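Okay, thanks everyone for coming. I'll put the structure up and then walk you through a few parts of it.

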Amino acid sequence: MKPLQFLRATPKSNAQRLVMLAALLILVVLVFVGLFVFANRLANSPSGFLPFSGVREEGETASEAELPGVIAENIEPAVVPEGIVTPWDGTGRVTVLVMGLDYRDWSAGDGPSRTDTMMLLTLDPLQNTAGMLSIPRDLWVSIPGFENGRINTAYFLGEAYQMPGGGPGMAIKTVEGLLGVEINYYAQVDFGAFTRFIDELGGVKIDVPDRIKIDPIVGDPIRLKAERQVLNGELALAYARARNTKGGDLDRALRQQQVIFGIRERLLDPENLSTLISKAPVLYNEIASGVQTNMSLDELIKLALLAQKVPEENITREAISAQEVSFADTPDGQAVLVPSPERIRQLRDEVFLASTGTLGPLLPGTSQERMVAESAQIRVLNGSQFDGLASRTQAALQADGANIIEISNGESTAVTRILDYTGNPHTAQYLAEFFGVDPIYYTLEYDPNSPVDLVVILGDDWGLKESQTP
Amino acid sequence: MMKYLQKLTWLHWLLLGFFVLILTGTMALAFGYVSGNRERDTNLAVALETDIQTQYDLGLQDFNAGNYALARQRFDYVLQQDPNYPGVVDMLSETLLRMAEPTTVPVSATPASTATPSPTPDTRQADEIFASAESQLNNQDWKTLVQTIAALRNIDPQYRAVEVDRMLYLGLLFSGIDKIMNEGDLEGGVYDLALVERFAPLDSQAQIYQEWARLYQIGVSFWGVLPEKSVEYFSQLASAAPYLRDLSGIYASDRYRLALLQYGDRLAQMGEWCLAVEQYNLAQSLKDDQAVQPTVTFADDQCASGGDSEEPEETEEMVTITPSLEITGTLTLTPTPGLIVTEEVTPTPTQEIIVTPTPSEATLEPTPAPTEPVEPTPIPTEPVEPTPQDTAAVDNPDPTATPETSP
């Protein structure tokens, strides 16, 4: 009998039908139970997402709770204290602090660890830009509630003192205090998971710029040639951890970024797509078991989808390097990197203010067009010794589209001043450019009930300039 | 029923089975997901409750031990998680009072920070969000205003751009000032003001606040490493903005005094007794600390006997030394010796502060370092307590002024 003919036939006996019904019933029960449990666990995130709080269960040692790769069976789901992190709104800029723990602390296993790696990743989905900023471990910083210390001890202190948010919470607070930007998530990556994840991807392609000696956790040290090569998980980890180069910890930050880009390249490679799909469950398990984070699975997936849309040229890569620090020793002989806040601020702005997204001015047009659109009411007062200056200035400003509602005389002043009473940034910007006013002579005296939006007091400086203009 | 079943072919059975399985699978996934979410929420609630209780208890321990900076962080956290938690408002107020003694610093103990936005994407219509923003602008709730505007722009970036730009400008400006002047979040404030500069020049008063924050951050970057630099920066702030504080809650005036003591210790270590005495005396003039007095007396004696550039030798007989913020490795805070001096000194080469231009491998021995409870002291200068409404010294033009000449 051909298969199709068989399908058209009916079962010959009631017994056959009963067997069919029973089989179907059993199958239904099995499928229901299986998928129910699967969905339940998925929603409950039972494996990778560790508690955010630094508070340990009674009897639990620090090493049991904090060491990467050791996943307790009875862990609680992530607790995200909103006072510690600012939750991501789901569409605006999102920033993640990625941390790797110190291998020596980790392998010792007798207490909280310090961080070995700290990297800030930020993504602006609206403008499709991203940035990464590496922070050296020896940076000498203020740790909230504690004395100044190396930034890698912030995590340790948070864990050791069971501070709200634990090690990650204290690390986040410290980095926020250093850079001033809000951090929404943290991800603490375990060594083992990192290497296994890269192995599952088939290794990462790295352009090794200079011959370098690396020391894998397992096996003897080896030297990598200066060439593009595929590194397996173990070698990629050793490459990212290597410090024995001229630039030490600072060079290492750049190597770590190279490895992250290598992973990104693998994940986005179309030729790799079928492999990735077939290995998705394994990769998910590696992430779930080896990454401790306050991110939910939904958020992780959403972020990953957003991140893959950002082209490489839109990703700013920076590291706090020798230009942003000075080298010094503490009185007890510790070698530390003393930050230069001004220079670090410039670096931060390159990464975070390259696109201000929703937090920047979005009114289109030139300075003059924006001023016209704002239509702020301006009063012009002549505080100079030049007769008729306010009238002439009014005419010039009105020609540009400014909304001058009144001119009058004011108190005499040598320099031109701008006073903004209701907050009119575009008009203030335009007027400052028009008169060449130093920002120190621009004052915001916020009074929402003021009958006028801005007042310009013309000074002798403007009178002189105006009189010399043909 | 059986009659109906008898008519079914194998194909029907197969399709039926397939359909039932799909239906069952979908239902199982849906039920499982909902049930998992409920379990997760329950677990979260239980974990959070335990966490809050533990943090409150640890906060009490820190408070009793005088670790006010740590206690404050814990009570802040408890308040944010559960504003109705019994006793936490009182404890936080008490902690803030202890931190501020004997000065009065405008620090709010109300759970203002609970206004953290929900992580759930805001799906309200832009009009409604805009109305909320207007209300926040009228109430001068700047921080929430910035969050609301961000939410609005996530929905529609060009929505009423003129008004929204203006609101955001004001929100960022005053939120930045508030972070610097009231919250101790100096770098966060500086960042907000950097965002403001994308709109318009920073107004003169905001520039002053920004400058103070910058000075504090530079001073603190040298903390414990180059105390003379810390002294340089905090001396400026101690007179201009003595109540400026950082996330640890340490006021600029206290930073100045402690930096002077650190610098004095450093000079004493180098055998520069007379210079050390100058620093100690200056610090003592800001706040008379009895614990420091023996060190001052000893250094003074050394200076008078011409003991400069001689390094002390350790003996059994130790003299009290400047209390410092040195770490002890335990939660118990004790005035720790930063320098041990004796009556007899032997000349040794002057110890230099090492600042090398090359990177060096740092030693890795982290030690917990709880901050010494700091009791801010008023200094002779008048405290500056600016508010966002403060104005610069620019005369408000009198609109009723009679024109004397042609305008």
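**A sheet, a cavity and two helices**

Let's begin with one pair of residues: A:Val380 stands opposite A:Ile407, which is in β16(A). Just so we're clear, this is a predicted model. A:Val380 takes us to β15 of chain A, residues 377-382, and that strand runs parallel to β16(A), with six bridges between the two.

Now zoom out a bit. What is the order of the strands in the open sheet of chain A? There are five of them, and they go β16-β15-β19-β17-β18, with mixed pairing. At the edges you've got β16, residues 403-409, and β18, residues 442-444, each of which pairs on one side only. Going from one strand to the next, the twist averages 20°.

There's a helix on this sheet too. That's α14 of chain A, residues 389-399, and it touches β15, β16 and β19, the last being residues 454-458. Compare directions and you get about 170° between α14(A) and β16(A).

Okay, on to the empty space. How many cavities of 30 Å³ or more does the structure hold? Seven. The largest cavity has about 280 Å³ of space in it. It's lined by 25 residues, and the closest to its centre are A:Ser142, A:Gly177, A:Leu178, B:Gln217 and B:Val220. So who supplies the wall? From chain A, the elements giving two or more residues are β4 (140-142), α6 (166-179) and α12 (341-352), and from chain B they are α8 (186-196) and α9 (204-221). The top contributor is α6(A), with five residues.

Next, over to chain B and helix α11, residues 252-269. It has 18 residues and reaches 25 Å from its first C-alpha to its last, close to the 26 Å expected at 1.5 Å a residue. Is α11(B) mostly covered or mostly uncovered? Mostly covered: 16 of its 18 residues are buried. After that helix comes B:Gly271, and its phi is positive, near 80°.

Last stop, B:Tyr68. You'll find this one in helix α3 of chain B, which covers residues 68-81. Why do we call B:Tyr68 buried? Because its relative accessible area is 10%, and the cut-off for buried is under 20%. Also, look across to B:Gly249: the two are 181 residues apart along the chain, yet their C-alpha atoms are separated by 9.1 Å.

That's my tour, so over to you for questions.

Notes. Residues are numbered from 1 along each chain as its sequence is written. Chains are lettered from A and ligands numbered from 1 in the order in which they are written. This is a predicted model: local features need pLDDT of at least 70, side-chain atom pairs count only at pLDDT 80 or more; totals for chains, interfaces and linings use all residues. Side-chain values use heavy atoms; hydrogens and water are left out. Two strands pair if DSSP finds at least two bridges between them. Helices (H or I, at least four residues) and strands (E, at least two) are DSSP runs, numbered from the N terminus. Axes are lines fitted to C-alpha atoms, for helices over the stretch in contact, and angles run from 0 to 180 degrees between N-to-C directions. Contact means heavy atoms within 4.5 Å. The expected span of a helix is 1.5 Å times one less than its number of residues. Buried means under 20% relative accessible area, exposed over 50%, partly exposed in between (1.4 Å probe, protein chains only). On a 1 Å grid over the protein atoms alone, a cavity is a set of points where a 1.4 Å probe fits but cannot get out, and a pocket is an open set with protein on both sides within 12 Å along at least five of seven lines; lining residues have an atom within 4 Å of a point. Grid points are joined across faces, edges and corners, and a volume is the space filled by probe spheres set on the points.
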